[in-house]
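Hi everyone, thanks for coming. I'll walk you through one structure today, and I'll try to keep it relaxed. Have a look at the sequence and the model first.

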Amino acid sequence: MPVSHAAPSAEAAFVPASDHPQELIDRVRDAVAARTPLRLVGGGTKAFVHAPVAGEALDLRTHSGILNHEPSELVVTVRAGTPLAELEAALEEHGQCLPFEPPRFGAGGTVGGAVASGLAGPARASVGGARDYVLGARLINGRGELLTFGGQVMKNVAGYDVSRALAGSWGALGLITELSLKVLPVAPAEATLVFEVDQFNALERLHRWGGQPLPINASRWLQEAGAGDRLCLRLRGAVAAVEAACERLLAEAPGARLDNTQASSDWAACRDHHLPFFTDAPSPDHGLWRVSVPQTAAPLLGEWPQLIEWQGAQRWLWAPVAAAEAIRTAARVAGGHAQLFRAPLSGDGGVPRADAPSPALRAVMRRLREAFDPHGIFQAPDLF
């Protein structure tokens, strides 16, 4: 499909003036007139993922609030500055959740930041990512125009689905003011099983179990200090399905079922990078690398501490930036890519945070940014 379909005029509808967040629009238009770059600011909980961004700060946290929640329709509409914790608490009252489990690396994270970063938690491999739950969005582009994309149902988009393209855009396409998100009921049952197994056999089991009708929702393997190699498997679904899976898996391999309260705390700590693996860097010269590979990829880069999620597709490891080329080469050979997710305390040494996109993809990204922000007002992080 031609990239020109993504231009605002192809799909966007202008929002009635009465619904305009006028203060934000005026701020953007003033920046356009003065050619003043803007740096969009939310909770700041993910700023460490990229190098510092220049530009005049535009704080979006005052633009908050849940606008509409239809529990029976499984959809919620919120302003982008709404605290993520506030939205999740409101959904919990109705027995609902954001299935992609957006990480909270600190207090104050916003819904807009969760979508703009495109990050997801332990259940990503089973339920999808942030973009899979974005039904619609409102956006102020680089001309100071308020546009609306998508809506509040799944089948409502013709042409290029801009609302989902915003997930992972880090603000490069404009200022997100409002989001409509699909939500799901909390699963009736949940159980976490733990197995003492090395990395090779953990991946083998995950690949084998993944091809069977089991309610696997998340997985985590790591070598824990004092506990050895452990594979944790989270099951979610109907009560009968979860209980039957527990019985079957524990009969197949020696393991144990964890207390749900403790297990839930551990999964939340994994999601938010509060586990000791994430908080205890081996040295000030080690950075946290995120390696994305196919789930079926064999063990790799075994010389460094690792935590593996997403049924093998996401592999976290601590390594010095001097090993960047070796890490990226191993990831490419396995069919994936690597990102320096958290720079060492001693600095990143100028090492790019992520692999450079292909020339074709970079051209698409450039044309999208030119269509939405022709004057380059929004200063998004360059992750490459």
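So, how much space lies in the largest cavity? About 90 Å³. Before I go on, please keep in mind that this is a predicted model, so everything I say comes from computation on that prediction.

Let's stay with the cavity for a moment. When the whole structure is searched for cavities of 30 Å³ or more, 1 turns up. Its lining is made of 15 residues, and the ones nearest the centre are Pro103, Ala120, His273, Gln314 and Trp316. Two elements give two or more residues to that lining: helix α9, residues 260-271, and strand β17, residues 314-320. If you sort the lining of the largest cavity by class, you get 9 nonpolar, 3 polar and 3 charged residues.

Okay, now let's step back to the chain as a whole. It has 12 helices and 18 strands. If you put a box around the C-alpha atoms along the principal axes, that box is roughly 65 × 50 × 40 Å. What about the radius of gyration? For 384 residues, a compact globule would come out near 21 Å, and this chain has 22 Å, so the two agree.

How much of the chain is buried? Of the 384 residues, 48% are. As for the outside, the chain exposes about 16,900 Å², and carbon and sulfur atoms supply 53% of that area. Here's one I like: take the contacts between residues at least 6 apart in sequence, and 70% of them join residues at least 24 apart.

Next, the pockets. I'll talk about the second largest one. Its space is about 730 Å³. There are 29 residues in the lining of this pocket, with Cys97, Leu98, Glu101, Val186 and Arg236 nearest the centre. Which element gives the largest share of that lining? That's α3, with 5 residues. Several elements supply at least two residues each, among them α3 at 84-92, β11 at 189-196 and β13 at 228-237. Helix α9 is on that list too, and you'll remember α9 from the lining of the largest cavity. By class, the lining of the second largest pocket has 17 nonpolar, 4 polar and 8 charged residues.

Now for a bit of backbone. Most residues other than glycine have a negative phi. With that in mind, look at Leu301, which isn't a glycine but has a positive phi of about 55 degrees. You'll find Leu301 in the loop between β15, residues 286-292, and β16, residues 306-309. Is Leu301 buried or exposed? Its relative accessible area is 11%, so Leu301 is buried, since the cut-off for that is under 20%.

Trp310 is another one to look at. Its phi is positive, about 55 degrees, and Trp310 isn't a glycine either. This residue lies in the loop between β16 and β17. Trp310 has 10% relative accessibility, so it counts as buried.

Let me finish with three residues you can click on yourselves. Start with Val111, which is found in helix α4. Its relative accessible area is 1%, so Val111 is buried. Leaving out residues up to four places away in sequence, Val111 touches several others, including Val78, Pro83, Leu87 and Leu181. Compare that with a pair further along: Val111 and Leu235 are 124 residues apart in sequence and 26 Å apart in space, C-alpha to C-alpha.

Second is Arg104, in the loop between β6 and α4. Arg104 has 25% relative accessibility, so it counts as partly exposed. What does Arg104 touch, not counting residues up to four places away in sequence? The list is Leu84, Ala85, Glu88, Arg271, Asp272 and His274. Leu84 is also touched by Val111. Between the C-alpha atoms of Arg104 and Trp221, 117 residues apart along the chain, the separation is 21 Å.

Third, Ser283, which sits in the loop between α10, residues 276-279, and β15. At 22% relative accessibility, Ser283 counts as partly exposed. The C-alpha atoms of Ser283 and Leu119 are separated by 26 Å, and the two residues are 164 apart along the chain.

That's my tour. Thanks for listening!

Technical notes:
Residues numbered from 1 in each chain as written. Predicted model: local features only at pLDDT ≥ 70, side-chain atom pairs only at ≥ 80, totals over all residues. Heavy atoms only, no water. 1 Å grid on protein atoms, 1.4 Å probe; cavity = no way out; pocket = protein on both sides within 12 Å on 5 of 7 lines; lining within 4 Å. Points joined across faces, edges and corners; volume = space filled by probe spheres on them. Helix = DSSP H or I, 4+ residues; strand = E, 2+ residues; numbered from the N terminus. Nonpolar A, V, L, I, M, F, W, Y, C, P; charged D, E, K, R; others polar. Rg over C-alpha atoms; globule rule 2.2 N^0.38 Å. Buried < 20%, exposed > 50% of the residue type's maximum accessible area, 1.4 Å probe, protein only. Contact = heavy atoms within 4.5 Å. Areas by Shrake-Rupley, 256 points an atom, 1.4 Å probe, with all protein chains shown as cover.
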